[in-house]
Amino acid sequence: MSVSQDTSASGAQRLGSFIASYSVVITFLAICLFFAVASPTFLTGANLYNVLVNNVVMLAIVALGLTIVISSGGIDLSVGVSVDMASMVFVMLLAAGYGGVFGVTVGLLAAVAVGVLNAVLITRLKISPFLATLGVLFIGQSTQQLATSGGQPIYLITGYAGDQFNAIARTSALGVPAPVLVLIACIVVVYLLLHRSVFGRAVQAMGAQPGVAWYSGLRVPRQQSLVYIGCALLCGITGILLSATVKSYVPLSGNAFLLDAIGATFIGTTLSAERRPTVIGTLLGVLLLAVVKNGLLLIGWNFYWQQVGIGVLVFLVLAVSFGLRRARQ
């Protein structure tokens, strides 16, 4: 083989490696460019603000919770239940005349209770995470319907309760909306825990080599419990923000986050050479899904075709990234 052929092959290999490693970034930039050309309102400040506050914040917090769980080798199908339980308890307490701080605290504890139930089923009863969290999903859905007379929404718009909602969703600091500040805090905490702490190393070890984690002396049941409780707490934060934003509680609304959060987390694995979830990767996955949904809406795509487009996009990003990596091995 000639020198020019070697150089060409080496260049192609480097290009393939770059595309495989940064396929989600390349796709995100290409999609942003496409929608910027296709819709004159895409890059307006009002639209970008809407995407960030209404599409990214809550999905990102749920996806961060799933990032921790999936990093540990598990899965949590009950994230929507954690969102809904926090939302339901929070709104009910405000309706009963309790203060916002008390409502937020008890609402988060309701979400944490879902995580504790998952932890008990998985670590004590040795049920697989998939089946345990699926069972909790069914139980949580039924609980909401029983507590709301078959799934009736609870609306609290005016008066004292409305002021409490506004204090959470409408305030800002230095021009940054409160929900965005909450997201930033969650990102920092999860990043430090998952990538810069002993707990994070234990979680990564459980996900990569669970057998080795057991024999190395890690207290796996305790770590697993913390993983599911932490995920539920993050979802509870989303539930509070959701209720404060829409000024109501709508039963089963948390289920809308499940598939998107899972998709965003797995899209983010393309940034890791080990195909593991990372905080940065998950956030890029969330941004990608949020931008695609918003852009397709702006150019007038039917809702059902939007779902088709998103599904095809997820498949292509993962197929290109993992396919190119396999070809290099």
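What share of the contacts in the chain with a separation of 6 or more comes from residues 24 or more positions apart? The share is 78%. This is a predicted model. The chain has 329 residues, and 48% of them count as buried. Its secondary structure comprises 14 helices and four strands.

**Surface**

- The chain exposes about 15700 Å². Carbon and sulfur atoms supply 69% of that area.
- A nonpolar patch on the surface covers about 890 Å². Its members are Phe34, Leu298, Ile299, Trp301, Trp305, Val308, Val312, Phe315 and Leu316.
- Helix H14, residues 303-328, gives the most to this patch, with five residues.
- Trp301, another patch member, sits in the loop between helices H13 and H14. Its relative accessibility is 39%, so Trp301 counts as partly exposed.

**Helix H13**

- H13 runs over residues 279-298. It is mostly covered, with 15 of its 20 residues buried.
- Its length checks out. At 1.5 Å a residue, the 20 residues of H13 should span 28 Å. The end C-alpha atoms are 29 Å apart, which agrees.
- Gly300 follows just after H13 and takes a positive phi of about 90 degrees.

**Salt bridge**

- The structure holds one salt bridge. It joins the side chains of Asp260 and Lys293, at 2.3 Å from N to O.
- Asp260 belongs to helix H12 (residues 256-268) and Lys293 to helix H13, so the pair ties together parts that are 33 residues apart in sequence.
- The two partners differ in cover. Asp260 has a relative accessible area of 15%, under the 20% limit, and is therefore buried. Lys293 is at 26% relative accessibility and counts as partly exposed.

**Asn55 and its contacts**

- Asn55 is found in helix H3, residues 45-71. With a relative accessible area of 26%, Asn55 is partly exposed.
- Neighbours within four places in sequence aside, Asn55 is in contact with Asn50, Ala290 and Asn294.
- Ala290 and Asn294 fall within the 279-298 range of H13.
- Asn55 and Leu287 are 232 residues apart in sequence. In space, their C-alpha atoms are 8.7 Å apart.

**Cysteines**

- The structure holds zero disulfides.
- Cys32 is buried, at a relative accessible area of 18%. Cys186 is also buried, at 7%.

**Backbone with positive phi**

- Most residues other than glycine have a negative phi. Two non-glycine residues to inspect follow, Lys247 and Leu252.
- Lys247 has a positive phi of about 55 degrees. Its place is the loop between helix H11 (220-246) and strand S4 (248-249).
- Leu252 has a positive phi of about 70 degrees. This residue lies in the loop between S4 and H12.
- Leu252 is at 27% relative accessibility, so it counts as partly exposed.

Key: Residues are numbered from 1 along each chain as its sequence is written. This is a predicted model: local features need pLDDT of at least 70, side-chain atom pairs count only at pLDDT 80 or more; totals for chains, interfaces and linings use all residues. Side-chain values use heavy atoms; hydrogens and water are left out. Patches are made of residues with over 30% relative accessible area and no salt bridge: like charges are joined within 9 Å, nonpolar side chains (Val, Leu, Ile, Met, Phe, Trp, Tyr) within 5 Å. Accessible areas come from the Shrake-Rupley method with a 1.4 Å probe; for residues, only the protein chains shown count as cover. A salt bridge is a side-chain nitrogen of Lys or Arg within 4 Å of a carboxyl oxygen of Asp or Glu. Helices (H or I, at least four residues) and strands (E, at least two) are DSSP runs, numbered from the N terminus. Buried means under 20% relative accessible area, exposed over 50%, partly exposed in between (1.4 Å probe, protein chains only). The expected span of a helix is 1.5 Å times one less than its number of residues. Contact means heavy atoms within 4.5 Å. A disulfide is a pair of cysteine sulfur atoms within 2.5 Å.
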